[in-house]
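Have your structure viewer ready, and try each exercise before you read its solution. Take your time and turn the model around as you go.

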Amino acid sequence: MAEDLLKIEGTRAEKYTSLYPQIQSLLAGETDKYANLANIAAAVHEVFGFFWVGFYLTKENQLVLGPFQGPVACTRIPFHKGVCGHAYTTKETVLVPDVEAFPGHIACASASKSEIVLPAIVKGEVVLVFDLDSDQLADFSEVDQQGLEKIIRLIEESWTSWA
């Protein structure tokens with residue numbers, strides 16, 4: 001089990017390249033989904049320093065707050081509300097350069113300026129969304145989307161073996 005992250009200096013692409021195998025190592029042999037999601041959120045938060053990094057899990061016909069790093073967050077989000085709800089309903093990554101310009105944005109924290117949300121899809125159903133917020137406008141790019149989608153694929157591949 002890895003206990004420390006190797007944090008490299010470099011471009012975001014280089015950081016994602018370094019982080020991915022470390023996340024694989026964190027997950028190796030662990031079957032508790034909450035422990036694994038907590039470590040993923042912590043690793044991404046530690047390496048990139050984003051304002052908020054966490055998961056909303058599909059539960060009781062809504063998205064319910066799961067493991068995260070950052071300030072207190074919205075606890076429940078309806079499937080059809082906000083950026084998280086949009087990612088859930090479209091089953092696609094949603095990249096928002098300015099949350100104030102996104103119709104129906106839910107302001108869980110006024111410091112949030114940009115956001116990216118990625119759905120994890122298992123057997124055709126969204127099981128969770130991975131939500132990342134920045135306190136900087138237009139902070140997320142295609143590089144982030146590619147790096148984070150690789151992490152989402154790892155979650156999707158592991159999901160059914162996690163309790």
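The exercises below work through helix packing, the nonpolar cores and a few single residues of this model, which is a predicted one.

**Exercise 1. How do helix 1 and helix 4 lie relative to each other, and which residues meet where they pack?**

Solution.
- Begin with the geometry. Two packed helices are described by the angle between their axes and the distance between the axes.
- Find helix 1 at residues 12-27 and helix 4 at residues 142-158; their axes are 10 Å apart, and the packing angle is about 10 degrees.
- Angles under 35 degrees count as roughly parallel, so helix 1 and helix 4 are roughly parallel to each other.
- Now look at the contact. Helix 1 brings Arg12, Ala13, Tyr16, Leu19, Tyr20, Ile23, Gln24 and Leu27, and these meet Val143, Asp144, Gly147, Leu148, Lys150, Ile151 and Leu154 of helix 4.
- Sort the residues of this contact by class: 10 are nonpolar, 2 are polar and 3 are charged.
- Finish with Gly147, which lies in helix 4. Its C-alpha is 5.5 Å from that of Tyr16, although Gly147 and Tyr16 are 131 residues apart in sequence. Gly147 has a relative accessible area of 13% and is therefore buried.

**Exercise 2. Are helix 2 and helix 4 roughly parallel or roughly antiparallel, and which classes of residue form their contact?**

Solution.
- Take the axes of helix 2 and helix 4: they come within 12 Å and cross at roughly 170 degrees.
- Angles over 145 degrees count as roughly antiparallel, so that is the relation of helix 2 to helix 4.
- The handedness of this crossing is right-handed.
- Leu37, Ile40 and Val44 come from helix 2, and they meet Leu148, Ile151 and Ile155 in helix 4.
- Sorted by class, the contact of helix 2 with helix 4 has 6 nonpolar residues, no polar ones and no charged ones.

**Exercise 3. Which members of the largest nonpolar core touch the most other members, and which element gives the largest share of this core?**

Solution.
- The largest nonpolar core holds 34 residues, and those touching the most other members are Val44, Leu128, Phe130, Leu132, Ile151 and Ile155.
- Two or more residues of this core come from each of helix 1, helix 2 (33-48), strand 1 (52-59), strand 5 (114-122), strand 6 (125-134) and helix 4.
- Helix 2 gives the largest share, with 7 residues.
- Use Ile151 as an example: setting aside residues up to four places away in sequence, Ile151 touches Leu19, Tyr20, Ile23, Ile40, Val44 and Phe130.
- Another core, of 18 residues, lies apart from the largest one; Tyr56, Ile77, Tyr88 and Phe102 are among its members.

**Exercise 4. Which residues of helix 3 are buried, and what do they pack against?**

Solution.
- Helix 3 covers residues 82-90, and its buried residues are Gly82, Val83, Cys84, Gly85, Ala87 and Tyr88.
- From there, look at the partners: these buried residues pack against strand 1, strand 2, strand 3 (76-77), strand 4 (94-96), strand 5 and strand 6.
- Leu63, in strand 2, offers a close-up. Its relative accessible area is 0%, so Leu63 is buried.
- Leaving aside neighbours within four places in sequence, the contacts of Leu63 include Cys84, Gly85 and Tyr88, as well as Tyr56, Ile77 and Val129.
- Leu63 and Pro78 are 15 residues apart in sequence, with 6.2 Å between their C-alpha atoms.

**Exercise 5. Where does Asn61 lie, and is Asn61 buried or exposed? Ask where Ala138 lies as well.**

Solution.
- Check the backbone. Asn61 has a positive phi of about 60 degrees although it is not a glycine, and Ala138, also not a glycine, has a positive phi near 50 degrees.
- Place them: Asn61 is in the loop between strand 1 and strand 2 (62-69), while Ala138 is in the loop between strand 6 and helix 4.
- Residues over 50% relative accessible area count as exposed. Asn61, at 69%, is therefore exposed, and Ala138, at 52%, is therefore exposed.
- Lys91 also has a positive phi, of about 60 degrees, and sits just after helix 3.

Note on methods. Residues numbered from 1 in each chain as written. Predicted model: local features only at pLDDT ≥ 70, side-chain atom pairs only at ≥ 80, totals over all residues. Heavy atoms only, no water. Axes fitted to C-alpha atoms, helices over the stretch in contact; angles between N-to-C directions. Helix = DSSP H or I, 4+ residues; strand = E, 2+ residues; numbered from the N terminus. Parallel < 35°, antiparallel > 145°, perpendicular 65-115°, else oblique. Contact = heavy atoms within 4.5 Å. Nonpolar A, V, L, I, M, F, W, Y, C, P; charged D, E, K, R; others polar. Core = buried A, V, L, I, M, F, W, Y, C linked by side-chain atoms within 4.5 Å. Buried < 20%, exposed > 50% of the residue type's maximum accessible area, 1.4 Å probe, protein only. Left-handed = near helix turned anticlockwise from the far one by under 90°.
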